[in-house]
Amino acid sequence: MRREIIADISPGQVRAAVMEDGKLVEYYVERPGSERPAGNIYKGRVVNVLPGMDAAFVDIGLEKNAFLYVGDVALNRDDFEFKSQGNAQLPDIRDVVKQGQEIIVQVVKDPLGGKGARITTHVTLPGRMLVLMPTMNYIGVSRRIEDEDMRESLKSAVDSMRPPGMGVIVRTVARETTADAFKTELESLEALWRTIERKAAVSNAPCMIHSDSDLLPRIVRDLCSDETERFIINDRDEYEKASAIARALAPGWKGSMEFFDGDIFDEYEMESKVDKTFARKIWLKNGAYLVIDHTEALTVIDVNTGKFTGTDNLQDTILRTNLQAAAEIARQVRLRDIGGIIVIDFIDMLEDKNRDIVVEELKKELEKDRTRTNVIGMTGLGLVEMTRKKIRQRVATLMHKTCPYCNGSGRIYNEETVAQKILKELRRQTANYTAESYILKVHSDVADYLEKENLMPDNVKIYRSRSAHHEYFSLSPEVE
């Protein structure tokens, strides 16, 4: 896999596009004032304790209080009697936190819709190779490292040097790392945690006590691995900063950090690629297409054959379409950063073996995704259910707003319906007022329909406006 990262620094925003084998697979935007709190650490104050929800609401200084579930509280399990809830053992939330109590928490999920942020007391501090967990006491290894001997070797190396009582997760990039590099990074992360503790001790809640890195430093930390060949930036200052961070965090990185003088998104034709990111309909190479719809509860992806007719074997045509769709769906999920429940309606397949092939293809393509996904499988109705960890709002929510005319439905009244509304209003006005003539201001398309159907009486003067909203009209008596 050949990866390139293209960063566009312009007044008011920073954008980054991640390309793999020439395809756009991830897209990020940051703007002043729109920074997302996920990953930030706060000193908060417990506002409400709700035993009926096994949770508490905590004021961390954001617009809405954050949600703290009892299972997201770091506990000494010897100190509590636990109640059973399914397969889990949970304490009573009232024994864990008290109203007015000040606690250190980390945002694990941005505020979404009308909901506040979700928080945890299980703080994690990510480095390039390791993630330090000050409130946990175990060692984990990235699931992308599949070799069992290597996993055990990495666990052993980290266990011998981790701070007492703290946990560590070994990241994928650590596969080729030396013990000295582990030690240096662990010492740096432990020092950061001590700094956070000292700041929390002298700060008044609610307040932020640690902010996750900005976009470009995060990308250097997380993506400058062996797969990344080039990182191109079009701002000299940001290029120098990113180069310094790369030298410090990834001294063994074999890729190149490059400066580009000019409009980098135009040069690499990224604007059109980004615009397609938000399209509802996505065409596949073979003429089939996907339709992606977002609802409050889940995202639905529908696969259609479209222009693809295939060979004379219908089931072969369907299988080939579904396989191509599976690869594109995995890319779109990453690109749009779709989280939560996802339901995929592949084209119906008669043979179980073909269904299994498509599901396995989807799982294989999703392995490229750094965000955790779980493909549940195919239901009796032929729908594939999957989940993807939801951390941040989709990029589209930062760049788009709900249409004030259709309120997000994507539909407006047609000309016939608007015409009937105008006729009803005309009947109401003539019943209540005495006027020789009326003035109607209306969208040009509606005006054309009214004239074509000859629906307006002679005493109504029609004024066209293409700038007016399609459903808008103004009917009033003409004043001399």
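The exercises below, each followed by a worked solution, concern the predicted model shown above.

Residues are numbered from 1 along each chain as its sequence is written, and side-chain values use heavy atoms, with hydrogens and water left out. Because this is a predicted model, local features need pLDDT of at least 70 and side-chain atom pairs count only at pLDDT 80 or more, while totals for chains, interfaces and linings use all residues.

**Exercise 1. The chain as a whole**

Task: Describe the secondary structure, the extent and the burial of the chain.

Solution: Begin with the secondary structure, which comes to 12 helices and 26 strands; helices (H or I, at least four residues) and strands (E, at least two) are DSSP runs, numbered from the N terminus. Next, take the extent: the C-alpha trace spans about 90 × 65 × 55 Å along its principal axes. Then turn to burial, where buried residues make up 42% of the 480 residues in the chain; buried means under 20% relative accessible area, exposed over 50%, and partly exposed in between, with a 1.4 Å probe and protein chains only. Finally, consider the contacts (heavy atoms within 4.5 Å): of those with a separation of 6 or more, 62% come from residues 24 or more positions apart.

**Exercise 2. A sheet and the helix that packs on it**

Task: Work out the strand order of the open sheet that contains E1, and find which helix packs on this sheet.

Solution: First, write down the order, which is E3-E2-E1-E16-E17 with mixed pairing; two strands pair if DSSP finds at least two bridges between them. The edge strands are E3 (23–30) and E17 (256–259), each of which pairs on one side only. On average, neighbouring strands of this sheet are turned by 15° against each other, direction ignored. The helix is H8 (residues 314–336), which packs on the sheet by touching E2 and E3, and the direction of H8 makes about 15° with that of E3. Such angles run from 0 to 180 degrees between N-to-C directions, and the axes are lines fitted to C-alpha atoms, for helices over the stretch in contact. As a last step, look at one pair in detail: E1 (residues 3–10) and E2 (residues 13–20) pair in the antiparallel sense over eight bridges, and Glu4 has Met19 in E2 as its bridge partner.

**Exercise 3. Backbone exceptions in loops**

Task: Locate the cis peptide bond at Pro206 and the positive phi values of Asp54 and Asp337.

Solution: Start from the general expectation that most residues other than glycine have a negative phi, and that most peptide bonds are trans. The cis bond joins Ala205 and Pro206, with omega about 0°, and Pro206 is found in the loop between helix H3 (179–202) and strand E15 (207–210). Asp54 has a phi near 55° and sits in the loop between strand E4 (41–50) and strand E5 (55–59); at 7% relative accessibility, Asp54 counts as buried. Asp337 also has a positive phi, of about 55°, and belongs to the loop between H8 and strand E21 (340–345). With a relative accessible area of 22%, Asp337 is partly exposed.

**Exercise 4. The two faces of helix H11**

Task: Check the length of H11, then determine which residues form its buried side and what covers them.

Solution: For the length, the 18 residues of H11 (residues 415–432) should span 26 Å at 1.5 Å a residue, and the end C-alpha atoms are 26 Å apart, which agrees; the expected span is 1.5 Å times one less than the number of residues. The buried residues are Val418, Ala419, Ile422, Leu423, Glu425, Leu426 and Gln429. Seen down the axis of H11, these fall within an arc of 165°, so they line one face of the helix; the arc is that of the directions from the helix axis to the C-beta atoms. The face turned away from the buried side carries the exposed residues Lys424, Arg427, Ala431 and Asn432.

What covers the buried residues includes strand E24 (438–443), helix H12 (444–452), strand E25 (460–465) and strand E26 (473–477). H11 and H12 pack at an angle of about 75°, with their axes 9 Å apart. That makes H11 roughly perpendicular to H12, a term used for angles of 65 to 115 degrees, whereas those under 35 count as roughly parallel, those over 145 as roughly antiparallel and the rest as oblique. The contact is made by Glu415, Glu416, Val418, Ala419 and Ile422 of H11 and by Asp445, Val446, Tyr449 and Leu450 of H12.
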